[in-house]
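Student: I'd like a close look at one part of this model, please. Start with the ligand and work outwards from there.

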Amino acid sequence: MIIVMKTNSTAAEIGAVIARVQDIGASPHPIYGAERTVVAVVGETRAFDPTAFKQMPGVERITSISAPFKLASRESHPDNTIIQLNDVRIGGPEIVIIAGPCSVESRSQLLETAHAVKEAGAHILRGGAFKPRSSPYSFQGLGLKGLEILAEAREIYGLHIVTEVMNSQAVPMVAEYADILQIGARNMQNYGLLHAVGRVQRPVLLKRGMMSSMEELLMSAEYILAGGNYKVMLCERGIRSFEKYTRNTFDLNAVPVLKQLSHLPVIADPSHATGRWDVVPAMARAAIAAGADGLMIEVHPHPSRALSDGPQSLKPQVFAELMQQLKRVAAAVDRTLELPTPVLQGDVR
Ligand code: PEP
Ligand code: MN
């Protein structure tokens, strides 16, 4: 249910509506728009009597939300959600680029990568400190040491950092270091974890499960929003199919469909979606053309020596060239991607 307030409704009138929603045992989620405020009502709504609310001062009308994902739906929030991290806006006209290695392997590996992606124009540095690996014998990440290295890279390069949190107990620790908490594909339906990140005020990058529908992804986002954390971005990272030439099948459809269904920013991850560095640039360009708000791309200074996901990691030079292409694709679809002016090396006369 949505209670649409009049454009000139007062803070006191909005407050009274919120209090009444709480009185009937439901949860009010006020959404303050540029023009007007709406109060989304979710949870226990059996005692919700639309006519009683309609008569309250400042209320214009009551509408229902047909989608099962109430707070994530565009019906409840027609404007795009914009997540602001100091100078970086996610969900606005600017394209946001997240880049970095699959895993934080060492201080020198991360700092070298951070330097390269920053110089190429990336906004956010990625790197897993806690890795969800299919085999218990594979590299599991550096843990806390990895978080400390990420924080050092943020200090040096002024990049925001995103890293995965794998369980609810680790949320406070990871939230202390990371600017964005990543929920991996394997944990998209870990409801305890979704509840835990719903309670912290850190943006969340929620990756689509490898066998999950778009609706399931949006329902998982709903858990986080219902917990009170409205800073959620959705990430398409490929789904499993019968096709074997790529690691996953990049569901490019998800980009415009999620944008239509939801106000949340949509990030595309062509690295995990394809599993092949030689295919990543084409799919990165396609994702921007399809309307993605940003990309997550794995970059490694020496992919052949990477401890995870080497085959899909771009070398820094390939990433830098891709950024130039993305700038042009962004402009073609009325988006922007500002890149730093390259540092000229050698004799420039
Ligand atoms: C990752 O981003 O490194 C990762 C593990 O991704 P996903 O959860 O999409 O497999
Ligand atoms: Mn990876």
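How far is an oxygen atom of ligand 1 from an N or O atom in the side chain of Lys 131?

Tutor: Happy to! The distance is 3.0 Å, from an oxygen atom of ligand 1 to an N or O atom in the Lys 131 side chain. This is a predicted model, in which local features need pLDDT of at least 70 and side-chain atom pairs count only at pLDDT 80 or more, while totals for chains, interfaces and linings use all residues. Residues are numbered from 1 along each chain as its sequence is written, chains are lettered from A and ligands numbered from 1 in the order written, and side-chain values use heavy atoms, with hydrogens and water left out.

Lys 131 has company as a polar contact (N or O atoms within 3.5 Å). The backbone of Ala 185 offers a polar atom 2.7 Å from a ligand oxygen, and Lys 207 places a polar side-chain atom 2.9 Å from an oxygen of ligand 1. Alone, ligand 1 would expose 290 Å², of which the protein buries 97% (Shrake-Rupley areas, 1.4 Å probe).

The surrounding residues (a heavy atom within 4 Å) are Cys 102, Arg 126, Lys 131, Glu 164, Gln 182, Gly 184, Ala 185, Arg 186, Lys 207, Arg 237, His 272 and Glu 298. Seven of this shell are charged, three polar and two nonpolar, where Asp, Glu, Lys and Arg count as charged, Ala, Val, Leu, Ile, Met, Phe, Trp, Tyr, Cys and Pro as nonpolar, and the others, Gly among them, as polar.

Lys 207 leads us from the ligand to strand S11, residues 204-207 (strands are DSSP E runs of at least two residues, helices H or I runs of at least four, numbered from the N terminus). On one side of S11 sit Val 204 and Leu 206, on the other Leu 205 and Lys 207, and all are buried (under 20% relative accessible area, 1.4 Å probe, protein chains only).

S11 pairs (at least two DSSP bridges) with two strands. Strand S10 (180-183) runs parallel to S11, joined by three bridges, and the ligand neighbour Gln 182 stands opposite Leu 205. Strand S12 (232-236) is also parallel to S11, with four bridges; here Leu 205 faces Met 233.

Helices link these strands. Helix H6 (191-198) joins S10 and S11 in a right-handed β-α-β unit (clockwise from first strand over helix to second, strands pointing away from the viewer). Helix H7 (214-226) completes another right-handed unit with S11 and S12.

How values were computed. Polar contact = N/O pair within 3.5 Å; in protein donor to acceptor, adjacent residues only side chain to side chain. Buried < 20%, exposed > 50% of the residue type's maximum accessible area, 1.4 Å probe, protein only.
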